Amino acid sequence: QVQLVESGGGLVQAGGSLRLSCAASGSFLSINVMGWYRQAPGKQRELVATFTRGGITNYADSVKGRFTISRDNAKNTVYLQMNSLKLEDTDVYYCQSQVVRIGVALDYWGQGTQVTVSS
């Protein structure tokens, strides 16, 4: 089985920063993609940032220039550095990983970590 454990969420004042972490563990051969998604109350889950095994990153337009995704392959961990946080960044943030097992690539999700930005 594969588990994704998220940490780093919390309450922060607008303009502040948080750093989210997500560590993957379990049985897999490699990780193709790790990334972050978010979901606000009453809205669908949206992509925030992704990081492929080949080093390609992708960001939502709303976070470009403010958020930075990084990846430590040795630790099977992905990070999201969030700076200049805005009220609209308040969401539950979910870690996502596509892992390779024998003959297949499968997507897994963490349980989410709450980020709340206050004025």
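Biologist: E7 and E8 form a hairpin, but which residue in the turn has a positive phi?

Modeller: Keep in mind that this is a predicted model. E7 and E8 pair in the antiparallel sense over six bridges, and the hairpin leaves four residues between them. In that turn, a positive phi of about 50° belongs to Asn-76.

Biologist: Staying with E8, how many of its residues are buried?

Modeller: E8 has strand partners to reckon with: E7 runs antiparallel to E8, and E3 is also joined to E8 in the antiparallel sense by six bridges. E8 itself is mostly covered. Out of its six residues, the buried count is five.

Biologist: In E8, which residue is the bridge partner of Leu-18?

Modeller: Leu-18 falls within E3, which spans residues 18-26, and E3 is bridged to E8. Over on the E7 side, Phe-67 has Met-82 of E8 as its bridge partner. For Leu-18, the bridge partner in E8 is Met-82.

Biologist: What about Thr-77, is it buried or exposed?

Modeller: Thr-77 sits in strand E8. Setting aside neighbours within four places in sequence, Thr-77 is in contact with Cys-22, Ala-23, Met-34, Ser-70, Arg-71 and Asp-72. The relative accessible area of Thr-77 is 8%, and buried means under 20%, so Thr-77 counts as buried.

Biologist: And how far apart in space are Thr-77 and Gly-110?

Modeller: In sequence, Thr-77 and Gly-110 are 33 residues apart. Going from C-alpha to C-alpha, the gap in space is 12 Å.

Biologist: Over to E1: which side chains point to the face that is buried?

Modeller: E1 covers residues 2-7, and its side chains alternate. Gln-3, Val-5 and Ser-7 point to one face and are not buried; Gln-3 also stands opposite Ser-25 in E3, a strand that pairs with E1 in the antiparallel sense over six bridges. Pointing the other way, and buried, are Val-2, Leu-4 and Glu-6.

Biologist: Now the charges. With which residue does Arg-38 form a salt bridge?

Modeller: Side chains of opposite charge can pair when their charged atoms come close. Here the closest N and O atoms are 3.0 Å apart. The pair links distant parts of the chain, 51 residues apart, with Arg-38 in strand E4 and its partner in the loop between E8 and E9. Both residues are buried, and the partner of Arg-38 is Asp-89.

Biologist: Which residues do salt bridges that share partners join into one network?

Modeller: Asp-89 also meets Arg-66 in a salt bridge, at 2.8 Å from N to O. Asp-89 lies in the loop between E8 and E9 and Arg-66 in the loop between E6 and E7, so this pair ties together parts 23 residues apart in sequence. Through shared partners, the network takes in Arg-38, Arg-66, Asp-89 and Asp-91.

Biologist: Asp-61 forms a salt bridge too, so with which residue?

Modeller: The closest N and O atoms of this pair are 3.2 Å apart. Asp-61 is exposed, and its partner is exposed as well. That partner is Lys-64.

Biologist: Last one: by class, how many charged residues does the lining of the largest pocket have?

Modeller: The largest pocket has a volume of about 160 Å³. It is lined by 13 residues, and the closest to its centre are Arg-38, Lys-43, Glu-46, Glu-88 and Asp-91. By class, the lining has one nonpolar and four polar residues, while the charged ones number eight.

Technical notes:
Residues numbered from 1 in each chain as written. Predicted model: local features only at pLDDT ≥ 70, side-chain atom pairs only at ≥ 80, totals over all residues. Heavy atoms only, no water. Buried < 20%, exposed > 50% of the residue type's maximum accessible area, 1.4 Å probe, protein only. Helix = DSSP H or I, 4+ residues; strand = E, 2+ residues; numbered from the N terminus. Pairing = 2+ DSSP bridges. 1 Å grid on protein atoms, 1.4 Å probe; cavity = no way out; pocket = protein on both sides within 12 Å on 5 of 7 lines; lining within 4 Å. Points joined across faces, edges and corners; volume = space filled by probe spheres on them. Nonpolar A, V, L, I, M, F, W, Y, C, P; charged D, E, K, R; others polar. Salt bridge = Lys/Arg side-chain N within 4 Å of Asp/Glu carboxyl O. Contact = heavy atoms within 4.5 Å.
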